[in-house]
Amino acid sequence: EQEGAGKDSPGGGEGKDSPGGASEDDKMEVDKRFVKFAEESHIQEKGDAASNKGSNKGSGGGRSRGSQISASESTLGSEKGEEEKGKEQEVEQLGLRFWDMLEDLVALIWEPEQQNAKLFILATQMHETGIRSDHLATMGKAILESCHAVMGSDWEPSMGDTVDWFWSGCTRTMAKTLDTIDRDDATILRESWESCQQMNTKDELGETFFNQLCSIAPHVIHLFRRPKKIQAFQFVHAVDLLVQFAEEPESFFDELKPLIIRHIKYGVKADYVKPFGKAILKAIELSQGTDWNERMAECWRTMWIRVSSTVQRSLNVGTNLVVVSLVQGDPEKLSD
């Protein structure tokens with residue numbers, strides 16, 4: 001199926017707006033299922049709260065003011081109609097966003113690194129719409145029902161297993177992102193890093209990091225041949241990038257690709273990522289001084305685990321002989 005697929009149409013689709021060859025009727029069916037999801041979750045709750053508020057407002061006053069009550073009910077009825085219309089548009093837009101999300105993720109099914117990055121970004125965007133990690137199971141059910149409805153009599157149990165496998169993988173990554181946003185880890189990371197920079201110069205921060213790296217991983221010191229001022233600048237930029245991962249993952253991934261390419265040129269291997277991370281975290285702890293606490297430590301550890309896994313996988317993919325020879329402009333390496 002993948003061999004005949006177009007660039008914008010995974011699974012052999014005929015266009016960007018029609019993944020997998022789905023018709024407009026199929027798309028409407030998927031949208032309808034996700035509208036149902038939206039109504040059963042936070043959007044429906046908002047609508048109910050607004051309706052209750054209007055109902056309470058219209059219940060005041062005595063029987064002697066019947067004409068006023070009648071006029072008020074007419075006004076409320078009109079407002080309610082507009083409110084319902086607005087709510088329908090909101091959930092329809094949510095359905096379309098889910099369609100776009102699935103289109104993007106399925107298109108990246110054979111590009112796990114890119115798909116993983118997309119999940120970080122999507123989860124951040126979804127959080128802004130009110131979606132939380134406990135909504136993901138309901139979303140998975142909506143996806144399964146949508147696929148079942150579209151396939152009709154062609155549906156087989158193995159297809160359900162495939163959908164469950166696909167969504168469970170997506171859920172693991174998105175749930176972690178949604179939960180870190182709920183805990184406001186990004187704010188703690190930003191405040192912690194700004195405090196480090198206020199209490200230490202760039203040179204001092206770089207020196208602390210380099211000393212820790214020498215202690216933890218002396219076998220990677222050969223990679224750091226530049227003057228200390230440049231190394232200090234690179235360390236500060238690296239931590240800035242780490243904090244950016246928590247705040248704006250899309251910007252982070254935009255910078256990650258050229259960063260990975262540069263490190264492949266330097267000869268950095270995936271095995272170096274773990275000791276490098278230990279040195280960074282220890283340097284931040286020491287630079288934080290007495291303000292350091294367990295909550296900060298937890299935020300930095302969680303962030304580094306997520307970033308390092310992405311970087312390690314990218315380096316593993318990028319350090320095969322073909323990629324290295326192309327990045328370094330040395331085709332002779334292919335002869336090895």
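Where is Asp184 found? I started my notebook with this residue, working from a predicted model. Asp184 sits in the loop between H6 and H7. I looked up its backbone and found phi near 60 degrees, a positive value in a residue other than glycine. Asp184 has 39% relative accessibility, so I noted it as partly exposed.

**Entry: the whole chain**

Next I stepped back to the overall fold. I found 13 helices and zero strands. Reading along the sequence, I wrote down the pattern α-α-α-α-α-α-α-α-α-α-α-α-α. The chain has 336 residues, and 36% of them count as buried. I then turned to contacts between residues at least 6 apart in sequence: 73% of these join residues at least 24 apart.

**Entry: H5 against H6**

I moved on to helix pairs, beginning with H5 (residues 136-151) and H6 (residues 157-182). Their axes are 10 Å apart and the packing angle is about 155 degrees. An angle over 145 counts as roughly antiparallel, so that is how I labelled H5 and H6. H5 passes H6 in a right-handed crossing.

I listed who makes the contact. From H5 come Leu136, Met139, Gly140, Ile143, Leu144, Cys147 and Met151. From H6 come Met159, Gly160, Val163, Asp164, Trp167, Thr171, Met174, Ala175 and Leu178. Sorted by class, the residues of this H5 and H6 contact are twelve nonpolar, three polar and one charged.

**Entry: H4 against H6**

How do the axes of H4 and H6 cross, and within what distance do they come? I read a crossing of roughly 50 degrees, with the axes coming within 9 Å. That makes this pair oblique. The crossing of H4 and H6 is right-handed.

On the H4 side I noted Gln115, Asn116, Leu119, Phe120, Ala123, Thr124, Met126 and His127. On the H6 side I noted Phe166, Cys170, Thr173, Met174, Thr177, Leu178, Ile181 and Asp182. The class count for the contact of H4 with H6 is nine nonpolar, six polar and one charged.

Gln115 caught my eye, so I checked whether it is buried or exposed. Gln115 is buried, at a relative accessible area of 14%. It lies in helix H4. Setting aside neighbours within four places in sequence, Gln115 is in contact with Leu105, Leu108, Ile109 and Phe166.

**Entry: H4 against H10**

H4 also packs against H10, at an angle of about 160 degrees with the axes 9 Å apart. H4 and H10 are therefore roughly antiparallel. I marked the crossing of H4 and H10 as left-handed.

Which residues meet here? In H4 they are Ala117, Phe120, Ile121, Thr124 and Gln125, and in H10 they are Pro249, Glu250 and Phe253. By class I have five nonpolar, two polar and one charged in the contact of H4 with H10.

**Entry: the nonpolar cores**

Then I went looking for the cores. In soluble globular proteins, nonpolar side chains tend to be buried together. Here, the largest nonpolar core has 40 residues. The residues with the most contacts inside it are Trp193, Phe235, Phe253, Ile280, Trp300 and Leu315.

I asked which helices each supply at least two residues of this core. My list reads H4 (112-128), H7 (185-199), H8 (202-216), H9 (228-247), H10 (249-266), H11 (273-288) and H12 (294-318). H12 gives the largest share of this core, eight residues.

I followed Ile280 a little further. Leaving aside neighbours within four places in sequence, Ile280 is in contact with Phe209, Phe235, Val239, Leu242 and Trp304. There is also a second, separate core of 21 residues, and Ala123, Ile143, Trp155 and Ala175 are among them.

**Entry: Ile305**

My last stop was Ile305, which lies in helix H12. Is this residue buried or exposed? At 56% relative accessibility, Ile305 counts as exposed. I also looked up how Ile305 relates to Gly277: the two are 28 residues apart in sequence, and their C-alpha atoms are 8.8 Å apart in space.

Key: Residues are numbered from 1 along each chain as its sequence is written. This is a predicted model: local features need pLDDT of at least 70, side-chain atom pairs count only at pLDDT 80 or more; totals for chains, interfaces and linings use all residues. Side-chain values use heavy atoms; hydrogens and water are left out. Axes are lines fitted to C-alpha atoms, for helices over the stretch in contact, and angles run from 0 to 180 degrees between N-to-C directions. Helices (H or I, at least four residues) and strands (E, at least two) are DSSP runs, numbered from the N terminus. Angles under 35 degrees count as roughly parallel, over 145 as roughly antiparallel, 65 to 115 as roughly perpendicular and the rest as oblique. A crossing is left-handed if the near helix is turned anticlockwise from the far one by less than a right angle, and right-handed if clockwise. Contact means heavy atoms within 4.5 Å. Ala, Val, Leu, Ile, Met, Phe, Trp, Tyr, Cys and Pro count as nonpolar, Asp, Glu, Lys and Arg as charged, and the others, Gly among them, as polar. A nonpolar core is a set of buried Ala, Val, Leu, Ile, Met, Phe, Trp, Tyr and Cys residues joined through side-chain atoms within 4.5 Å. Buried means under 20% relative accessible area, exposed over 50%, partly exposed in between (1.4 Å probe, protein chains only).
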